[in-house]
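Work through the exercises below with the sequence and the model open. Each task is followed by a solution in steps.

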Amino acid sequence: MTTTTSHVPEYVPESEGPDGGVAAARPARLIHTESTTEIPVHLLFREEPAAPPAEVKRPAVVAHRPPPEKEDGDTRDIGVRARASAPGVDPDIVERPARVLPGIAGVLAGVCGAAGCAVTAWWAGVLPPFAAEAFGRSAGAGGPGPAQWAAFAGAGALGLFGFGGLARGRTGRAWVLELFGRYRGTVRGTGLLWVNPLLLRRRVDVRLRHWRGEPLPAADRGGVALRVSVLVVWRVRDTARATLGVEDHEGYLRACVEAALLRVPVAAPGAGRGAVQATQDVLTRLVAADAGPVGVEVCAVRPLRVEYAPEVAAAMHRRRLAALDARHRASVVGAVVDSVEDTVTRLTMRGLVDLDDYERQVLVKDLTVAFCAGRGETGS
């Protein structure tokens with residue numbers, strides 16, 4: 001059985017209905033066959049069977065793509081990278097308060113030890129002649145015995161520990177205490193204190209301090225060599241890490257400043273206040289991130305003096321003079337042109353002169369020469 005299809009629908013003409021009305025036209029069949037056969041509607045619009053859902057497999061381990069690196073001139077994320085790459089210190093080295101006693105306890109112990117030594121000497125009969133006469137006791141002939149020697153040792157040790165442990169605490173100073181190489185705490189108290197005399201004391205200055213270094217090498221955004229003198233305002237925040245975590249925290253701070261100057265583009269001499277402030281902020285964040293793990297708090301790193309390196313100073317000086325001269329010439333030409341235009345416009349608008357194109361050009365030329373000559377004589 002052959003089947004033909006028609007792409008243009010045909011419609012059956014309207015016919016009268018049984019009640020005399022006009023029946024609606026109905027479309028002709030789209031499929032014409034030799035034997036008329038009805039096709040079910042659900043077969044014409046039957047959907048394709050849905051494909052079974054594909055099995056989702058877990059992906060293999062995919063390495064994270066590293067973030068794109070910033071350009072050399074971009075200093076916005078330098079502080080973040082500096083904190084990520086900051087050196088680490090032993091986490092056990094953390095400042096903690098040491099156990100100390102008031103100074104009066106040491107004084108009492110020392111006085112008791114001295115009094116015990118005197119009483120033991122009187123008991124043993126080894127007092128000096130004048131002291132024996134004062135106490136009405138004669139000097140012993142046999143000397144002190146074992147009991148007297150033991151009393152002497154105890155009283156002497158008490159006196160030595162009492163007077164030997166006295167210390168004066170001062171504002172802005174601290175002591176880092178060690179016992180046989182082990183950290184035992186930090187003393188930040190003031191006044192008269194008693195500290196165990198067996199402990200090794202290291203004095204640390206915890207006041208706000210500043211350091212102005214010699215000119216250090218640096219570079220601007222264009223890579224031109226510079227010499228920069230900086231002022232670093234800092235203080236010791238963690239005395240244990242500053243003393244035990246690094247050999248010399250002041251030398252370490254200087255090294256951090258030198259490294260930061262080599263990594264951060266410094267504002268060139270003569271730059272605006274905004275560029276100088278941005279350089280200061282970036283240097284402060286960078287140095288603070290490097291020096292923080294060793295217990296040093298950096299408050300500010302301020303460039304005080306920025307100058308070109310000796311090998312490029314002459315060339316940059318000539319370049320700067322040429323730029324200033326070009327700027328001055330441009331300003332002079334602009335002022336002369338404005339003056340000439342204003343003069344010609346006023347003369348023409350007020351009707352003082354009636355000029356054609358040639359006369360206008362001659363007048364403009366003469367005025368330009370006159371104004372330039374006058375400015376040259378004034379400038380000389």
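**Exercise 1. Find the bridge partner of W211 in strand 13, then work out which strands pair with strand 13.**

Step 1. W211 has V232 as its bridge partner in strand 13. The model is a predicted one.

Step 2. Strand 11, residues 209-212, is joined to strand 13 by 4 bridges, and the two run antiparallel.

Step 3. Strand 12 covers residues 216-219 and pairs with strand 13 over 4 bridges, in the antiparallel sense. Within strand 13, A225 is the residue opposite A219.

Step 4. Strands 12 and 13 form a hairpin, with 5 residues between them. In the turn, G223 has a positive phi of about 85°.

Step 5. Strand 14, residues 296-308, also pairs with strand 13, antiparallel and over 11 bridges. R227 has E307 as its bridge partner in strand 14.

**Exercise 2. Decide whether strand 13 is largely enclosed or not, and say why.**

Step 1. Strand 13 spans residues 225-236, which is 12 residues.

Step 2. The cut-off for a buried residue is under 20% relative accessible area.

Step 3. Of the 12 residues, 9 are buried, so strand 13 is largely enclosed by the rest of the structure.

**Exercise 3. Give the strand order of the open sheet that contains strand 7, and name its edge strands.**

Step 1. The sheet is open and has 3 strands in the order 8-7-10, with antiparallel pairing.

Step 2. Strand 8 (182-187) and strand 10 (200-205) are the edges, each pairing on one side only.

Step 3. From one strand to the next, the twist averages 25°.

Step 4. Strand 7, residues 173-179, pairs with strand 10 over 6 bridges in the antiparallel sense. L177 is placed opposite R201 of strand 10.

**Exercise 4. Count the cavities of 30 Å³ or more and describe the lining of the largest cavity.**

Step 1. The count is 1 cavity of 30 Å³ or more. The volume of the largest cavity is about 40 Å³.

Step 2. Its lining consists of R168, G169, R170, R173, A174, W175, V187, G189 and R203.

Step 3. At least two lining residues come from each of strand 6 (166-169) and strand 7. Strand 7 contributes the most, with 3 residues.

Step 4. By class, the lining of the largest cavity has 4 charged, 3 nonpolar and 2 polar residues.

**Exercise 5. State the volume of the second largest pocket, then list and classify the residues that line it.**

Step 1. The second largest pocket has a volume of about 150 Å³.

Step 2. A98, R99, L177, L179, R184, N196 and L199 line the second largest pocket.

Step 3. The lining of this pocket divides into 4 nonpolar, 2 charged and 1 polar residues.

Step 4. L177 therefore has two entries in these solutions: L177 lines the second largest pocket, and L177 stands opposite R201 in strand 10.

**Exercise 6. Determine how many disulfides there are, and assign C112 and C117 to an accessibility class.**

Step 1. A disulfide needs a pair of cysteine sulfur atoms within 2.5 Å. By this rule there are 0 disulfides.

Step 2. Partly exposed is the class between under 20% (buried) and over 50% (exposed).

Step 3. C112 has 48% relative accessibility, so C112 counts as partly exposed.

Step 4. C117 has 22% relative accessibility, so C117 counts as partly exposed.

Key: Residues are numbered from 1 along each chain as its sequence is written. This is a predicted model: local features need pLDDT of at least 70, side-chain atom pairs count only at pLDDT 80 or more; totals for chains, interfaces and linings use all residues. Side-chain values use heavy atoms; hydrogens and water are left out. On a 1 Å grid over the protein atoms alone, a cavity is a set of points where a 1.4 Å probe fits but cannot get out, and a pocket is an open set with protein on both sides within 12 Å along at least five of seven lines; lining residues have an atom within 4 Å of a point. Grid points are joined across faces, edges and corners, and a volume is the space filled by probe spheres set on the points. Ala, Val, Leu, Ile, Met, Phe, Trp, Tyr, Cys and Pro count as nonpolar, Asp, Glu, Lys and Arg as charged, and the others, Gly among them, as polar. Two strands pair if DSSP finds at least two bridges between them. Axes are lines fitted to C-alpha atoms, for helices over the stretch in contact, and angles run from 0 to 180 degrees between N-to-C directions. Buried means under 20% relative accessible area, exposed over 50%, partly exposed in between (1.4 Å probe, protein chains only).
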